[in-house]
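User: Could you take a close look at one part of this model for me, the nonpolar core, and then tell me what packs around it? Keep it casual, but stick to the geometry.

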Amino acid sequence: MSTTATGTELSAESSAWADAGEELPPGLGPYQLAWRRLKRNKVALVFGALFLLVVILCLLAPVYSHDIAHTGPNDEHVDTALNQFGLPIGPTWHAKFFLGADNTGRDVAVRLLYGGRNSLQIGAEATLITIVLATLLGILAGYFRGPLDGLISRVFELIWAYPVILLGIALGVVLAISGLDLGFTRLSGNSLQIPAIIIGVIYIPYVGKPVRGQVLGLREREFIDAARQQGLGHMRIMFSEILPNVASTIIVFIPLIMANAILTEAGLSFLGAGVRPPNPSWGTMIGEGIGLLPAAVHTMLVPGIMLVLCVLGINVFGDGVRDALDPRAKIRIEH
Amino acid sequence: MRKYKRPLWAVVAVAMAFAVAACGSSGSSSTSSSSAGASSSTTSGGSSGGKTGGTASVVEGTFPQSLDPSIDFTTQGGEVHWLTHLGVLSFAHASGNAGTQIIPAIATALPTTSNGGKTYTFTVRSGLKYSDGTPVKASDFKFSVERALKLGWSAASFLTSTVQGAADYAKGKAQTVSGIIADDASGKVTVHLVTPYGAFEDVLACGGCVPFMPASTPMKPEPNNPPVGFGPYVIKNIQPNVGFDLDINPNYASQAIPGIPAGKMNITVKVESNTTTEASDVINNSADVFDWGDTIPPAEIQQVSKLTDRFRAVQSNKTFYWFLNVNEKPFNNTLAREAVATAVDRPALARLGSGALVPGCYLLPPAMVGHPTQTCPYGDPNSPPNVAKAKQLVQQSGMAGQPVTVWAENRQPRLQWAENYAATLNAIGFKATLKTIADAEYFSTIETLKNHPQTGFADWQQDFPNPTDFYQNLVDGNAILPVGNSNYEEANDPHIQSELKALYPVPATQVDSVASRWQALDYYTAQKAYVVPYGYLSSPEFLSSRIDFSKVVFSPLEGNDFSSLQLK
């Protein structure tokens with residue numbers, strides 16, 4: 001099946017549209033309809049723009065570092081940025097040390113932007129890992145049922161049963177020492193991909209279980225029977241017939257997982273099990289800043305505010321996307 | 001060495017504490033309180049003068065490795081066990097240099113030596129009784145040594161490398177330590193050493209190193225129900241990784257050892273892993289004693305340093321250094337090591353240490369016999385480094401661009417020091433990355449030889465005032481071990497080995513006579529740059545305003561002497 005909606009899905013879309021109290025415009029696909037709805041949700045768009053702004057600022061970190069602040073994220077200025085007791089200077093509102101210095105005399109603004117890059121990179125990679133693996137496993141479990149479903153569901157429950165942060169800490173500490181051998185490549189202990197993989201893996205059940213549930217329903221539908229009758233193979237049915245029908249659910253999960261991944265990364269880094277020093281991330285910056293309270297509040301406050309803005313932006317925008325794709329859905333990530 | 005230990009996970013610690021507290025024992029009649037302000041009323045007098053009574057609250061950055069002295073070898077454990085489990089000898093309960101004097105404890109006098117320094121003989125005081133009333137016997141010494149060896153005491157090498165038969169006993173090849181002969185009737189104990197070992201009296205004196213305990217003590221670890229001991233205090237109310245109490249031993253005052261006073265206040269020890277909170281507690285008088293092994297964080301040091309009637313920075317014999325593994329590239333190259341020694345920014349490291357680090361370049365700290373008086377071989381430690389020269393040395397070595405992994409703990413200020421060090425290595429031409437390990441796991445990780453750490457953080461706090469303590473563990477080629485290796489740089493220099501062979505037998509009381517030889521050796525070590533020391537600890541002696549600061553003894557070996565605490 002192509003991405004064009006079947007009669008069943010169209011009727012579902014029509015129903016959703018009717019629920020929203022709107023007239024169904026002729027000749028529009030489900031994603032075009034969703035885009036129309038999203039455009040009308042100004043709050044979601046504003047927060048989406050806020051998130052986009054954060055991303056752009058973080059991507060411009062090298063420019064700010066090189067051309068404005070003239071210092072790198074790990075460049076220490078112990079003599080000029082720390083007093084005799086090791087206490088860092090506060091915001092200067094000048095190009096250099098615009099937001100002050102941290103506990104080793106590094107420019108907080110520069111580290112904030114580089115830290116954002118790292119946090120966003122980990123969030124994006126973790127989301128990709130979660131979505132790809134959860135979708136694959138969810139579809140396999142729901143489509144084949146039986147022993148394979150039993151095995152995959154038990155693995156989901158095993159991961160789900162363990163508190164996210166504790167599981168992340170346990171994996172983070174072990175992999176920080178030994179690194180991670182993936183067969184085709186080896187990741188060193190301080191690679192950014194390690195926290196990304198850890199977070200990506202621990203969120204798989206949060207997407208995989210809903211996908212599996214949806215596939216269990218879809219596999220009994222007439223269009224799947226029709227596909228079987230036409231002699232299509234399992235792979236073709238799963239990825240050409242079923243996958244497009246769970247795509248909207250998966251899309252809704254992307255911003256939610258992204259926001260949670262960024263928060264989890266911050267939590268793990270704060271606890272010393274995420275991004276490894278001296279690489280910055282918002283979580284490590286908050287962790288380093290805690291030790292300087294109350295004398296140097298900026299070291300904790302600045303990355304904290306950035307983290308809040310970023311996650312708030314994704315979450316509100318994600319809610320808008322969810323409402324646009326399926327106004328009746330109530331998808332939430334619950335720990 | 002007294003390693004400063006910190007728990008791996010606060011969460012796990014709290015969970016364990018709750019679990020144990022839920023099913024643990026109680027029944028103590030301790031008058032201690034978790035709040036400093038909840039002390040009982042005071043009375044004047046006491047066996048050693050001054051006010052007695054009340055409870056002092058001590059905050060420690062971490063729990064001792066174990067409250068069983070046959071296992072523990074940490075600063076937090078040492079300051080407890082030198083009050084609860086006396087040994088043959090002790091260090092004097094005095095501040096400054098006077099605190100390094102060895103005095104008899106359970107022995108009637110200092111041991112006599114014979115057989116060219118290979119035999120030590122002492123007599124146990126008669127009539128002493130442990131805190132539970134059990135008589136102290138000469139054979140308890142032999143039992144204590146055997147128990148420490150059997151349970152894997154962290155500093156067992158002090159015994160296995162010196163006492164005849166100790167190594168065989170530790171390996172299970174012998175039923176008893178043949179080199180110790182004890183006679184309960186006369187109280188006489190004779191210890192035969194493998195070779196003359198001048199620091200043996202220091203080992204017998206260091207807090208909790210070879211404590212006396214009854215031979216009926218179970219031959220298994222007892223961290224939550226420590227063996228009975230003889231001393232001014234007894235350990236009570238243990239909540240693992242949370243805290244414990246030190247109650248005055250009511251039976252001690254009547255049999256007090258000269259120079260080892262009875263306690264004046266009961267003590268409550270609680271763990272506070274956040275140094276900012278730890279310092280705040282003492283500033284606000286919600287705790288009475290700050291952990292001398294911690295550093296007061298930058299955010300509070302300015303405020304604390306103004307409290308001159310409660311705070312004093314005391315130079316202690318603790319050296320911080322970077323080790324450079326001579327068996328790993330690039331530090332198998334002499335010029336590469338010299339480049340590092342030249343480039344390390346000691347003034348910057350001192351500032352990152354919030355003033356608690358005194359810059360230096362020698363392994364032996366300034367107050368230790370043998371600390372060299374010559375200028376440092378690679379530049380003044382109080383001035384900015386010559387980075388240009390260091391870069392040149394790296395180029396000459398042909399090691400430019402070599403990857404270097406810097407191993408470090410992840411707590412402040414050690415992590416900041418390591419970050420600065422890694423930045424320095426990058427600045428002079430190496431490709432350095434940081435590998436941080438949880439505090440509780442750090443030393444056990446780098447002490448495993450197969451991990452081959454290239455370079456990283458290390459420190460050494462004196463166990464006793466003898467340069468042998470530093471060299472025997474840190475530089476001696478014989479200290480290179482598959483597990484528990486503290487010669488991280490894996491150096492086995494023939495010149496150092498021959499010098500150590502000559503210096504080890506010098507008795508502790510005569511170590512001053514060979515000071516110049518130790519100085520020459522330490523200068524040679526600095527020149528070879530197997531280790532790159534960057535400073536010495538200035539320990540915080542910081543108390544609440546409730547405690548009489550003028551009366552408190554700060555031992556150069558065990559820190560705050562809890563037996564000297566008394567209310568104003």
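Analyst: A nonpolar core here is a set of buried Ala, Val, Leu, Ile, Met, Phe, Trp, Tyr and Cys residues joined through C-beta atoms within 7 Å. Keep in mind that this is a predicted model. With that in hand, the largest such core has 253 residues, and the ones with the most contacts inside it are B:I106, B:W322, B:V406 and B:V532. The largest share of this core comes from α6(A), which puts in 17 residues.

Let's zoom in on B:V532. Setting aside neighbours within four places in sequence, B:V532 is in contact with B:Y321, B:W322, B:L324, B:V340, B:A341 and B:V344.

Now over to α6(A), which covers residues 108-144 of chain A and packs with helix α4 (residues 61-69) of chain A. The angle is about 165° and the axes are 9 Å apart. Angles over 145 degrees count as roughly antiparallel, so α4(A) is roughly antiparallel to α6(A). The crossing of α4(A) past α6(A) is left-handed. On the α4(A) side, the contact uses A:A61, A:Y64, A:S65 and A:A69; α6(A) answers with A:A109, A:V110, A:L113, A:Y114 and A:R117. Sorted by class, that contact has seven nonpolar residues, one polar and one charged.

Finally, the chains themselves: chain A brings 25 residues to the contact and chain B brings 27. On chain A's side, α5 (78-81) and α8 (164-178) each supply at least two residues. The chain A residues that touch chain B split into 13 nonpolar, nine polar and three charged.

Conventions. Residues are numbered from 1 along each chain as its sequence is written. Chains are lettered from A and ligands numbered from 1 in the order in which they are written. This is a predicted model: local features need pLDDT of at least 70, side-chain atom pairs count only at pLDDT 80 or more; totals for chains, interfaces and linings use all residues. Axes are lines fitted to C-alpha atoms, for helices over the stretch in contact, and angles run from 0 to 180 degrees between N-to-C directions. Helices (H or I, at least four residues) and strands (E, at least two) are DSSP runs, numbered from the N terminus. Angles under 35 degrees count as roughly parallel, over 145 as roughly antiparallel, 65 to 115 as roughly perpendicular and the rest as oblique. A crossing is left-handed if the near helix is turned anticlockwise from the far one by less than a right angle, and right-handed if clockwise. Two residues are in contact if their C-beta atoms, placed from the backbone, lie within 7 Å. Ala, Val, Leu, Ile, Met, Phe, Trp, Tyr, Cys and Pro count as nonpolar, Asp, Glu, Lys and Arg as charged, and the others, Gly among them, as polar. A residue is buried if 20 or more other C-beta atoms lie within 10 Å of its own, exposed if 12 or fewer, and partly exposed in between; C-beta atoms are placed from the backbone.
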